[in-house]
Structure formats: structure tokens, C-alpha cells
Amino acid sequence: MNTTVTGSPEEAAAFIRKGAIVAFPTETVYGLGADIFNEDAIRRVFEAKNRPPDNPLIAHVSNIDQITRLADRIPASAGLFIEKFFPGPLTIVLPKRDEVPHIATAGLDTVGVRMPGEQLTREFLAACGIPIVAPSANVSGRPSPTTWQAVLEDLDGVIDCVLKGDPSRYGLESTVVDCTEAMPVVLRSGAVSIEDLRAAVPETVEYSGEATGPARSPGMRHRHYSPRAKVRIVERGAVAEVSGSSAFIGFGDPPEGARLARKVGSADEYARVVFDFFRECDRAGVGEILCEPVEERGIGSALMDRLRRAAE
Ligand code: TXA
Ligand code: MG
């Protein structure tokens with residue numbers, strides 16, 4: 001199959017409307033989208049990514065009306081989050097309406113809803129005219145794509161179209177907060193930090209698998225964000241010298257002998273480039289990537305979460 005690469009949100013939306021699957025940019029990472037009411041298209045999204053069928057998809061909306069079309073009710077906490085953080089890098093899990101197909105939510109009776117803020121994404125979603133389900137546009141297990149080139153690296157010839165935009169502004173997947181119970185629970189950290197969420201709803205808690213029983217966010221069980229190279233988190237200065245098959249990313253100077261190195265000036269920049277750097281390391285055949293840790297505050301918490309998962 002030939003994958004069409006276009007800069008036109010209208011052309012990309014026309015693919016969606018005829019039942020095809022389309023990768024598109026967002027401010028977090030690129031997504032692989034399908035019409036939420038088209039089960040065949042959704043099935044193809046799972047196949048293209050080789051995604052386990054028990055991992056639910058996020059529904060991307062362009063306006064508030066579409067949220068009420070998907071959600072059975074909007075709990076008070078969700079209303080506050082929507083007011084404060086939509087559009088933006090946040091996904092809210094809500095009780096779903098029966099019309100939302102089970103294949104989209106992996107059989108759950110909840111649906112994750114997100115309203116992206118990026119201009120091009122908004123134009124694309126508006127042109128689609130329906131909510132779009134989309135996981136990150138990578139092959140399952142690989143780092144999420146933050147550029148259209150990274151999408152093609154994984155999915156060229158497998159998907160129908162890529163909407164070509166800028167590199168993603170944040171570089172890490174959205175924060176996921178479950179609002180279906182009394183206290184909002186953060187299932188995945190992201191650019192909207194737990195501190196930000198607590199400023200809106202002070203009762204917000206972090207998910208702890210042990211305390212709340214069965215997995216609330218099935219996706220977090222699966223292996224994630226991994227380059228082929230081995231990832232190691234090492235404090236600055238802990239490794240002075242490495243073999244030529246090692247790479248380094250962090251704030252300090254790379255160890256002597258590193259084949260690839262990326263020096264970053266802030267946690268924001270680190271988050272923005274880390275997945276792209278992982279992919280570059282894989283192309284270069286690097287064996288091991290040394291990653292300097294960051295302070296676990298704001299986006300730093302999400303970044304450390306991804307680094308730890310990659311290092312597992
Ligand atoms: O930033 C993002 O969220 C990107 C862009 C494309 O929007 N999407 C993304 O999708 O990262 P994905 O499928 O790679 O990750 C979705 C995460 C998974 O961990 C999944 O388990 C969780 O969200 N999730 C989705 N719907 C859920 C639901 N109803 N209940 C609990 N967790 C849910
Ligand atoms: Mg993903």
C-alpha cells in the first residue's frame with residue numbers, strides 16, 4: 001500500500017471519512033486515527049500497530065458537544081479539568097455511552113477523551129466532524145513518534161495517510177486522569193502535572209496499583225517506550241568513560257567515548273527530544289543509552305516515568 005503524506009488537514013480528513021486510517025500530529029506525540037464509529041477502521045489501527053486488543057484507545061474531540069456524545073455523564077471533577085486544561089495535553093476517563101464501540105475502549109465501560117490544542121490538529125479534527133480514536137502512531141512497544149518521519153519509520157506502507165506537521169511540542173504522551181470515581185486518579189503522568197491537576201481538584205491522587213485493585217489503565221501493564229538499545233539511568237559523573245557502542249542524553253557533558261550524545265538545557269527540552277533520540281540511537285545501532293535523571297517535578301515526573309519504563 002502507498003502511504004499518502006500531506007500537509008492538508010482537509011485531505012487527511014477525507015481519508016478518515018472514507019474509512020481509512022490516518023496518522024496526525026498533536027502537541028504530545030503523533031497519533032494514528034480512525035473514525036470512532038467505524039469498527040473495521042479501528043480494527044486496522046490495532047493491526048497496524050500490533051497493539052494488544054486489551055489496551056483501550058483515546059477519543060480525540062474538537063469541541064465540547066462531542067464529549068457529551070461519548071460520555072454518559074460528566075462528573076464535577078471532570079468539568080473542572082475540562083474548563084482548565086482543554087484543549088491541551090490531558091486525557092480524561094469518563095463513563096462511556098453505549099454508542100461508543102467496545103473495540104475502541106477494549107471492552108471497558110469508560111472512555112478516555114482528549115481535546116488537542118495544536119492548531120493543525122484542531123483543523124483536522126474539525127474537518128473530520130466526528131471524534132477520532134487514536135493511539136500513538138508507533139508500532140507497539142517502540143518509542144512514541146514525535147515527528148512525521150518517525151511515523152513513517154514504523155508504519156510506511158501500512159497506513160493510508162500521514163498528516164505532516166511540526167515536531168510535537170511536548171514530546172511525551174498526554175496525562176491520563178480517571179474521573180469515574182469520587183477521587184480523580186492519575187493513571188499516566190504527562191505535561192499536565194499532578195500539581196496542576198490538584199490546583200483544580202485538590203483530591204486528585206496518583207494511581208497505586210496495590211491500593212486500588214485491578215488495573216485501571218490496562219495500557220500501563222504493557223512494555224512501553226523502548227528503543228532496541230538498553231536504557232540505563234545514571235547520575236551525572238557516575239560514568240566517566242564508555243565504549244563506542246554507548247550513547248548519552250542529559251544536561252552534563254557526555255562520558256568520554258560516547259558514539260552519540262544529546263546535551264539538553266532544560267527538562268522541557270529533554271522531554272521533547274528523548275523519543276527522537278532513542279530512535280536515532282537505534283538507527284545508529286547503539287547498544288546502550290545512558291540517561292541522566294531529572295528532578296521529579298512538573299514534566300520531570302512524566303519524563304522519569306518514561307525513562308524508568310524504557311529501562312525495565
Ligand atoms: O498524548 C497522547 O495521549 C497520544 C496522542 C496521540 O493523543 N495518545 C496516546 O495513546 O498516547 P496510547 O494509546 O499510546 O496511550 C493511551 C493510554 C494507554 O495507557 C491506555 O491504557 C489509556 O491511555 N487509556 C485509554 N482509554 C482508557 C480508559 N478508558 N481507561 C483507562 N485507561 C485508558
Ligand atoms: Mg502508545
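This passage walks through the nonpolar cores, the ligand site and one buried loop residue of a predicted model.

Start with the inside of the protein. The largest nonpolar core brings together 45 residues, and the ones touching the most other members are L32, F81, L90, I92 and I159. Quite a few elements chip in with at least two residues each: the strands β3 (31-35), β5 (90-95) and β6 (110-114), along with the helices α2 (39-49), α3 (64-70), α4 (76-85), α7 (148-155) and α8 (194-200). Of these, α2 makes the largest contribution, with five residues.

I159 gives a feel for how this core is put together. Setting aside neighbours within four places in sequence, I159 is in contact with M1, N2 and T3, with I21 and A23, and also with L32, R44, A48 and V151. A separate core lies apart from this one; it holds 26 residues, including A229, V274, C291 and A310.

Next comes the ligand. Around ligand 1 there are 27 residues, and T28, R51, H60, R114 and S174 come nearest. Several side chains place an N or O atom close to polar atoms of the ligand. For T28, the distance to an oxygen atom of ligand 1 is 2.6 Å. The side chain of S136 also pairs with a ligand oxygen, here at 3.0 Å, while the side chain of T110 has an N or O atom 3.0 Å from a nitrogen atom of ligand 1. On its own, ligand 1 has 680 Å² of accessible area, and the protein covers 98% of that.

Which elements give two or more residues to the shell around ligand 1? They are β4 (58-60), β6 and β10 (185-188). Among them, β6 gives the most, with four residues. So β6 turns up twice, as a strand that supplies at least two residues of the largest core and as the top contributor to the ligand shell. Sorted by class, the shell comes out as twelve nonpolar, ten polar and five charged residues.

Finally, there is N138, a residue in the loop between β7 (132-134) and α7. Is N138 buried or exposed? N138 counts as buried because its relative accessibility is 4%, which falls under the 20% cut-off. A polar atom of the N138 side chain lies 3.0 Å from the backbone oxygen of R142. Leaving out residues up to four places away in sequence, N138 touches K49, P143, S144, P145, D154, L155 and R279.

Conventions. Residues are numbered from 1 along each chain as its sequence is written. Chains are lettered from A and ligands numbered from 1 in the order in which they are written. This is a predicted model: local features need pLDDT of at least 70, side-chain atom pairs count only at pLDDT 80 or more; totals for chains, interfaces and linings use all residues. Side-chain values use heavy atoms; hydrogens and water are left out. A nonpolar core is a set of buried Ala, Val, Leu, Ile, Met, Phe, Trp, Tyr and Cys residues joined through side-chain atoms within 4.5 Å. Buried means under 20% relative accessible area, exposed over 50%, partly exposed in between (1.4 Å probe, protein chains only). Contact means heavy atoms within 4.5 Å. A residue is near a molecule or strand if one of its heavy atoms lies within 4 Å of it. A polar contact is a pair of N or O atoms within 3.5 Å; within protein, one must be able to donate a hydrogen and the other to accept it, and residues adjacent in sequence count only if both atoms are side-chain atoms. Accessible areas come from the Shrake-Rupley method with a 1.4 Å probe; for residues, only the protein chains shown count as cover. Ala, Val, Leu, Ile, Met, Phe, Trp, Tyr, Cys and Pro count as nonpolar, Asp, Glu, Lys and Arg as charged, and the others, Gly among them, as polar.
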